[in-house]
Amino acid sequence: MDNDITPTGIEVSNSEQILEIDWSDGHHSEYSLFGLRKNCPCVMCRGGHGNMNTFDMELFFVEPTQHFEIENIEQIGNHAIKIFWNDGHNNGMYQWDTLRDMCPCQECYPEQE
Ligand SMILES: [Zn+2]
Ligand SMILES: [Zn+2]
């Protein structure tokens, strides 16, 4: 993808359990908090440096078995955000391109019904 694509808006809804991102190219992404938290890109959650870019897209579509909330989002430079979860976890740096790669919409992830 084009590295110039950046979020123009990020909105969290803990009640609806989603995080929405509007991108500078007009694309719109909606992530379930469960999928985002379970795909946390930190070394600990990935289980090692070798798995850093391995994400399980199915996690965005399954029925959540856990309720997660976002307490805060901090922007890291101009390339990533850090998400502060209500379970105290905040090691994950979600890069823009990672987030865009994870976009579970029909267009980005057409394998889904
Ligand atoms: Zn993590
Ligand atoms: Zn998409």
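The questions and answers below go through the zinc sites, sheets and aromatic pairs of a predicted model.

Q: What makes Cys40, Cys42, Cys45 and His89 the protein donors of the zinc ion (ligand 1)?
A: Donors are N, O and S atoms within 2.8 Å of the metal. The SG atoms of Cys40, Cys42 and Cys45 and the NE2 atom of His89 lie 2.1 to 2.3 Å from the zinc ion (ligand 1), so they meet that limit. Along the sequence these donor residues follow the spacing C-x1-C-x2-C-x43-H.

Q: Why is the arrangement around the zinc ion (ligand 1) called tetrahedral?
A: Four donors count as tetrahedral if all angles lie between 85 and 135 degrees. The four donor atoms here subtend angles of 104 to 117°, and therefore the arrangement is tetrahedral.

Q: Why are Cys40 and Cys42 described as buried?
A: Buried means under 20% relative accessible area. Cys40 has a value of 0% and Cys42 has 6%, so both fall under the limit.

Q: How do you know which residues coordinate the zinc ion (ligand 2)?
A: The limit for a donor is again 2.8 Å. His27 (NE2), Cys103 (SG), Cys105 (SG) and Cys108 (SG) coordinate the zinc ion (ligand 2) at 2.0 to 2.3 Å, so these atoms count as donors. Their spacing in sequence is H-x75-C-x1-C-x2-C.

Q: What makes the pair of His27 and Cys108 a tie between parts of the chain?
A: His27 lies in the loop between β2 (18-23) and β3 (28-32), while Cys108 lies in the segment after α3. The two parts are 81 residues apart in sequence, so the pair ties them together.

Q: What makes the site of the zinc ion (ligand 2) tetrahedral?
A: The angles among its four donor atoms are 101 to 118°. The rule asks for all angles between 85 and 135 degrees, so the site qualifies.

Q: Is His27 buried or exposed, and how is Cys108 classed?
A: His27 has 10% relative accessibility and therefore counts as buried. Cys108 has a relative accessible area of 33%. Partly exposed covers values between 20% and 50%, so that is the class of Cys108.

Q: How do you know that β1, β2 and β3 belong to one sheet?
A: Two strands pair if at least two bridges are found between them. Six bridges join β1 to β2, and five join β2 to β3. One bridge sets Ile10 against Ile21 in β2, and another sets Leu19 against Tyr31 in β3. The result is an open sheet of three strands in the order β1-β2-β3, with antiparallel pairing. β1 (7-13) and β3 are the edge strands, each pairing on one side only. From one strand to the next the twist averages 15°.

Q: Which residues have a positive phi in the hairpin of β1 and β2 and in that of β2 and β3?
A: Gln17 takes a positive phi near 60° in the hairpin of β1 and β2, where four residues stand between the strands. The hairpin of β2 and β3 also has four residues between its strands, and Gly26 in the turn has a positive phi of about 95°.

Q: Why are β4 and β6 said to stand at the edges of their sheet?
A: The order of this open, three-stranded sheet is β4-β5-β6, with antiparallel pairing. β4 and β6 (93-95) each have a single partner strand, so one side of each has no neighbour in the sheet. The twist averages 30° from one strand to the next. Six bridges pair β4 with β5 (residues 80-85), and Ile73 stands opposite Ile83 in β5.

Q: What makes the aromatic pair of Phe61 and Tyr109 stacked?
A: By the rule used, there are four aromatic pairs. In one of them, the centres of Phe61 and Tyr109 are 5.5 Å apart and the planes meet at 15°. Ring centres must lie within 6.5 Å, and planes under 30 degrees apart count as stacked, so the pair fits both conditions. Phe61 is in the loop between α2 (43-46) and β4 (70-76) and Tyr109 in the segment after α3 (96-101), 48 residues apart.

Q: How are Phe61 and Tyr109 classed by accessibility?
A: Phe61, at 33%, is partly exposed. Tyr109, at 14%, counts as buried.

Note on methods. Residues numbered from 1 in each chain as written. Chains lettered and ligands numbered in written order. Predicted model: local features only at pLDDT ≥ 70, side-chain atom pairs only at ≥ 80, totals over all residues. Heavy atoms only, no water. Donors = N, O, S within 2.8 Å, 3.2 Å for Na, K, Ca; no water. Tetrahedral: all angles 85-135°; square planar, octahedral: opposite > 155°, others 65-115°. Buried < 20%, exposed > 50% of the residue type's maximum accessible area, 1.4 Å probe, protein only. Phe/Tyr/Trp six-rings, centres within 6.5 Å; stacked < 30°, edge-to-face > 60°. Axes fitted to C-alpha atoms, helices over the stretch in contact; angles between N-to-C directions.
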